[in-house]
Every structure is written in C-alpha cells, then in structure tokens.
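The following note addresses the contacts within and between the chains of the entry shown below. Its points are numbered for ease of reply.

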Amino acid sequence: KKQHKKNKKDDRGPPEKEKEKEKASVPAPSKPATQSPAHKGTAFAILHSLVFVSFLYFLLVVKRLPEHIQVDDPAALKKLAKKLERQQVPLRSDYGYKVSLFSHLHQYSRKNPPTQQISIPATVIHPSIVRLGLQYSQGIIAGSNARSVALLHAFKQVIRDYSTPPNEELSRDLVNKLSPYISFLSQCRPLSASMGNAIKYIKKEISNIPSQCKEEEAKRRLQECIDSYINEKIILASEAISKYAIEKISDGDVILVYGCSSLVNHILCEAFEKQRKFRVIVVDSRPRLEGKEALRRLVKKGIRCTYVLISALSYILPEVSKVFLGAHALLANGYVMSRVGTSQIALVAKAFNVPVLVCCETYKFCERVQTDSFVSNELDDPDDLIVTRNGKTHLENWQTVKSLGLLNLVYDVTPPDFVDLVITDLGMIPCTSVPVVLRVKNVDQ
Amino acid sequence: MPGADKETDLSERIESFLSELKRCGSGAGSLRGSAETARETTALLRRTTAQARWGNAGELMEIIRKEGRRMTAAQPSETTVGNMVRRVLKIIREEYARSRGSSEETDQQESLHKLLTSGGSSEDNFRQHFAHLKANVIEAINELLTELEGTTDNISMQALEHIHSNEVIMTIGRSRTVEAFLKDAARKRKFHVIVAECAPFCQGHEMATSLCKEDIETTVIPDAAIFAVMSRVNKVIIGTQTVLANGGLRAVNGTHTLALAAKHHSTPLIVCAPMFKLSPQFPNEEDTFHKFVSPHEVLPFTEGNVTQQHLTPFSTLKTEIVTGQRPFITHSNVFHLHHTHLLL
C-alpha cells in the first residue's frame, strides 16, 4: 500500500510541482506592489505552506480515474502504454469506427486477442492467466460469477506455482507479481466489479500475511482464504438468496427472466425442486442471445418455458406476474448495472405494474456512482451485429461506409425507481439501501 | 361478347391481386410497401367501376363492398386495402350527391337534428340513375391516385420544420416515409440518426445503409440498447403500419418499448403517416390486431430437442399497439391524435 501511494505521488508529483511553480510565480510579482518588503518573506512562506498542504490534501482525497474510461485522452493512453511496456504486457489496439458518444471507451475485436502477441512459453505472465485472458476475450467465460470464480481459481494456481525469491517478503513480492497479470486481464476484457472486489480481497489477504510465516504455510493459508471466499460469497450466498426468493414465488406464477443469469437460473431450479408450480418466459436479445443457454438449462430441469425476443416484451408482459433479474453490480446510488436491455425490461414492467425483483450477491456491491449508461460501459465487438437474412448481409462492409457506426453495448444502468426489491444474501432490501450495506461491510473489515 | 370478356378480365385481375395479397403476408411473395398496395387497390377499384355492370350508385357500392370484403379477408393485416375501399365508397357517395344537385356541406354534416328527423332514409336515395356518374367517379378516383403519388413528398417537404441541426434522432425498423423525411432534411441540415434494428428481421440494417448513402451519420443499435441511449436522443421519429381511430398505432414490434422510453425521458415522438394509413377501426380486442410469424425465425428447428419437447412454440410478432400523446405529420399538416377522426 505504501508503495502504491508512493507511485501515485510520483505521478502526481511532476504535474503538481509545475502547477505549484505557476501558482507561486504569479502572486510573487504582485506582492511587492501591495506589501512592504519586510512582510514579503512571511507572506510568501504562508502561501507556500498553504499550497503544500492543499497539494497533500489533494493527494489523499482524489482517486485515480480508471484507465479504461479515458481512451480519448492521449496523455492517459501514453501512460498506459508505458506502464504495460514496463510490465511486459502486450497493448491491445482498438478496432473499428467508434460512435462519438463512446469515444472514451475501448472497442476491441474478437478476432485479435492479445494472446497472439505473447511468446510461447509465456515468461512474464503465468500460463493459466494467459488461458484465462483468452477465455475472457473470446467470450468463452461470461457472466460475473463465472468470471470471478475462474479468476480466483487461476490465482490459486499462480500461488501454488509461486516461490519467493531470496531477500524478498512474500507479502510484498506476490502483490507485485499479480499487477502485470491484472493489467493483462484488463487488456483482454475490462474487469467486472465482482472481479475488482475479489482482487482487492486477495491483495489484502496477501499483505496481511505475517513476515515470520513460512512460505508453505502462507501459500496454504492463502489458498484456504480463496476457497472460503468462493464458498461464502458465491455458493452459500446463492443458497441464501434462493431461500429468500422462493418465498416470493407462489403457485401459478408466470415469471419473466432476461438473458442468462446463473443466480436466477439457480433460484428457478430450486423453486421447481421444492414443487412450486410456475412457468417461465425467457426474454432474449441480439446479438448475444444468452437466453438460449438459460432456456436450455431450465428446459432440462423440466420447467415449462416460453422464449421471446425483447421486442415482443409489451405483448407478453400482461401475462407476467413477476420479473426476476440478475445484476452485474449494484452501485452506491442505488442504480443496478446489468446486461444491456435490463433497464428496458424494468421500464416496461413498471408501466404494466409488474413487480421487478433483482437478485444480487453482496460481493458485487461497488462504491461507484453512475446515472447513465455512457460514462462507464463496455463496448463489445461491433461485428457481432452483422447478420445474414435471406442471403443478404446489409452491414457486411460497414467499415467502408463513411458515416455508419455499429454500437454493441454490454451493460446498462437501471434507475432504482424501476426496481421493487433487491434480494441479497443479507436479506431483502430496497435498492436505495446499498450504501448502508457497503458501510456495514467496511466497518466489519 | 365484349362485356363478358371484360368481366372475366376484371375477375382475373382481382383474383391475381388477392393471391398476391395472401402471399405477401407470409413473406414468401414480393414484399411490397403499403403505398404500392394502396395504389394497386385504387387502380383495381377504378377498373371495377369502369368494367363492371351496374345501373345506379347503390349497385356500384354493393359491388365495391363485396370486392373490398374479399380483399380484406385475403390479408386482414394489410389495412390500407380497407382504407382505400372506404375512400372510394365515400367518393361514390359524394359524386352521387353532387349529381343529385344537393349541396355537399349539408349532406356531409351529420348533425344530430338530421339524424333524428331523417332517420336513415338516405339509403333509398342511391337508386337514381345518372348518366355522368361513371365518368365523375372515375375522374375522382384518378384524383385520389394523384394524391397518393404525392403523399410521401408532401410529408418530406415538412422535414425542415421539425429537424434542427446537430440533433440526435432515433428511429426503429424501416419506414420508407421516414427515410424520405430524413433524407430531405439532410440536404440542408447536419444531424445524427440512431436506428434500432428490429430483430429478428433486422430491417433497421437496410434503413441504416440507405441513410448512409446520403451522408447522414447513422448508428445501428440492437433493440436491447433502446433505453440505454434514449437519454441522449432529442427526437424520436417513427413510421407506422396503421393509425387507428383513437390515435393509437399499429406498428412494428418494439415500438411500444420505444414510446415508453421516450415518454420516460420526455422526448417528443413524431409519427409520419400518409393519408392512406388512417383507419376508422378501433382497437377493441388486443389479440385480433397482432400478426404472428413462424417462430423458426427466432429459434430454428435445427436447435434440437428443445423445440420439440417442452417449448411452447411461441411466435414472433409483427405488430402491436401504441397509445399515448404525440403529434402526427400527414401529407397536409400536423395533427394531434385526438383529432384523427376528423381526418377521415
């Protein structure tokens, strides 16, 4: 942590010193005009200390903006390129024409994974991390729970293969080893909120390892920590959420779900096992068509399902009694960040007076605040929107057409007034209680 | 006999038109726009007036009503057919009244007093024979046809009154009227268009490529992103299949969601509808207004045992109803939806 702060200080140092010099130089010439020479020295000293104090305060209070939403800033891009070069992580280049509203976000193509630029065998990046990065960038592992669990398992492997170099402490060196891995993974696909929280937890656990602890013992302890994290925050949490959610499902219900949320699918399967009589309507949308996977899982269990596309929503909603939605993250101002299209479902459900229930584990709560889907989002491969119908592909050469852009958003935010209830492992809370939960969690830690 | 030949020729044409109507609904035949359907219907009715055997206005109206019923039965979702038949019937009534010599205004205004005192005696009045009725009716139908030709241009001419520069406009699917509207505005103003592709048929893609040819900045978004981007949209301009008598719309799938999102963000919603899309029908039963298409567009049969065992084969929808407050742009002026019935 000390090193992290020092790095921050270094980065802020040069620009701040320049600003300081500017500020100091501007009042200095005016001082002689207004004050007598005797007071000039003390005034200058006071000013200098004020500036220094404000500089320190600025350091402590301001957070660094995440890199992945500063693509339109060439200075930030240069800094990132330098950092990646230092860590020997390949830099991934953007693809295709970006819609002007989203010029601050990355847009990658699935056809150029960053793993192509890594030599075999990988020297700097652990092979399980390389495999994980490829799985993320190709969409083989998708869904926030799946990505977090895969990440934690990969870190377990890294810890197993780790050996402390001489004259180094495990608690500090391992954290430094993880940094290039995390940069690489975020180049493959921007980190999700759940992954961010998991990484914070691991780093904290690693730095809390006492220095007198033997290496084998430390490694065993860390692996136990990771296992218990997965068990508590993901597996047991979903059990608890199912228990609460099943109370809300009654016989004869028609439940609407969107896309493929592992948690919602788990809840429905549990409810079906507990002999509740209900049927499910699965809503799906292009271009990901994740609903087909959810449909497959539910039908295998034996649940009666209906499948529609999102444009048929207002036709099907009068039949629906409840809407269950999964979430990618819950933001501190009560907004729900989830797959694109979720806010639309919540909006239309509200118009038809159908209750909307969001199911989310507490480890996905994050302290970020967002009011629209533009400032922080993810742009997926725009080529996914191209489709061939009746032998004609209208958008085939969209790159050649000058004024055409394709937008493939991944996430959107749902305002809290569309959501009636959030079911978490701590209980059933309204959307606006998220900052309370975060505060309680911080106090615990 | 020349009369019989004419009749068989006429019935042949009607038969071929009916079969085309039946086919175009399933998507197998040539997909025609509603403007073409309106034009062909009117041309066919003109030919019926010219070639069929009738003595007075009443008989002609009976023939046209009969043909009209057959045409609407062939393709109930294609409401322009019914609308044009009703217009032609109205033309016949007007011409008859003019021939009879009574002034048009008093006949058209169905005041309550008249309804109470005359008590439906107007039916018998159509029995009189007039020599020039045929020529007048055909002339009036020709006027209707010229009106139909120019209707899209009339709407496009109003484009500059509604679009300012640097606007972001959202539309859904593909509408020839909206396309012409936006292209006309693009000649003088620079703006940005966001097109929601309309899965599963994705007509939005065609619309986008066509708009790009006129150098309009276009973005294609999937249907799921409609609410996400709506906060940056200044206006929503859509086309429709039918405008119902209460101001509701029967439009392509997804329009209701678009309208709700626009309402939430207080974005104005403008509908561009030519005259032949106005229908005197009311949306009485929800189900009768929806048209279903085979579900294999959404989930093909090759996707395996899922479709066979448990999935209720749900179909995709082509149309739905939208209600709410919005202005309409028709070929002559801008109307509010509450006054729709005055246009007919």
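1. Buried area here denotes the accessible area, taken with a 1.4 Å probe, that two parts lose on being put together, summed over both. The model is a predicted one. On this definition, chain A and chain B bury about 4400 Å² between them, and 66% of that area lies on carbon and sulfur atoms.

2. The contact between the chains joins 50 residues of chain A to 48 residues of chain B. By class, the side of chain A that touches chain B has 31 nonpolar, 11 polar and 8 charged residues.

3. Polar interactions between the two chains should also be recorded. There are 3 salt bridges between chain A and chain B. In one salt bridge, D372(A) meets R232(B), with the closest N and O atoms 2.8 Å apart. Residue pairs in polar contact between chain A and chain B, both at pLDDT 80 or more, number 13.

4. Several secondary-structure elements of chain A each supply at least two residues of the side that touches chain B: α11 (291-301), β3 (305-309), α12 (313-316), α13 (342-351) and β8 (404-406). Of these, β8(A) also pairs with strand β3 (residues 217-221) of chain B, in the parallel sense and over 3 bridges. Within this pairing, G405(A) stands opposite T219(B) in β3(B).

5. Turning to the interior of chain A, the domain assignment gives domain 1 (126-236) and domain 2 (249-373 + 409-444). The C-alpha centres of these two domains of chain A lie 29 Å apart. Their contact takes 12 residues from domain 1 of chain A and 12 residues from domain 2 of chain A.

6. Between them, domain 1 and domain 2 of chain A bury about 1000 Å², of which 42% is on carbon and sulfur atoms. N145(A), A193(A) and K233(A) supply 40% of the area that domain 1 of chain A buries against domain 2 of chain A, more than any other three residues.

7. Which interactions are counted between the domains? The count of salt bridges between domain 1 and domain 2 of chain A is 0, whereas 8 residue pairs are in polar contact across this interface, both residues at pLDDT 80 or more. On the side of domain 1 that touches domain 2 in chain A, α6 (144-161), α8 (193-207) and α9 (215-247) each supply at least two residues. The most come from α6(A), with 4 residues. The residues of this side of domain 1 of chain A divide into 3 nonpolar, 6 polar and 3 charged.

How values were computed
Residues are numbered from 1 along each chain as its sequence is written. Chains are lettered from A and ligands numbered from 1 in the order in which they are written. This is a predicted model: local features need pLDDT of at least 70, side-chain atom pairs count only at pLDDT 80 or more; totals for chains, interfaces and linings use all residues. Side-chain values use heavy atoms; hydrogens and water are left out. Domain bounds come from an automatic or database domain assignment. Contact means heavy atoms within 4.5 Å. A salt bridge is a side-chain nitrogen of Lys or Arg within 4 Å of a carboxyl oxygen of Asp or Glu. A polar contact is a pair of N or O atoms within 3.5 Å; within protein, one must be able to donate a hydrogen and the other to accept it, and residues adjacent in sequence count only if both atoms are side-chain atoms. Ala, Val, Leu, Ile, Met, Phe, Trp, Tyr, Cys and Pro count as nonpolar, Asp, Glu, Lys and Arg as charged, and the others, Gly among them, as polar. Two strands pair if DSSP finds at least two bridges between them.
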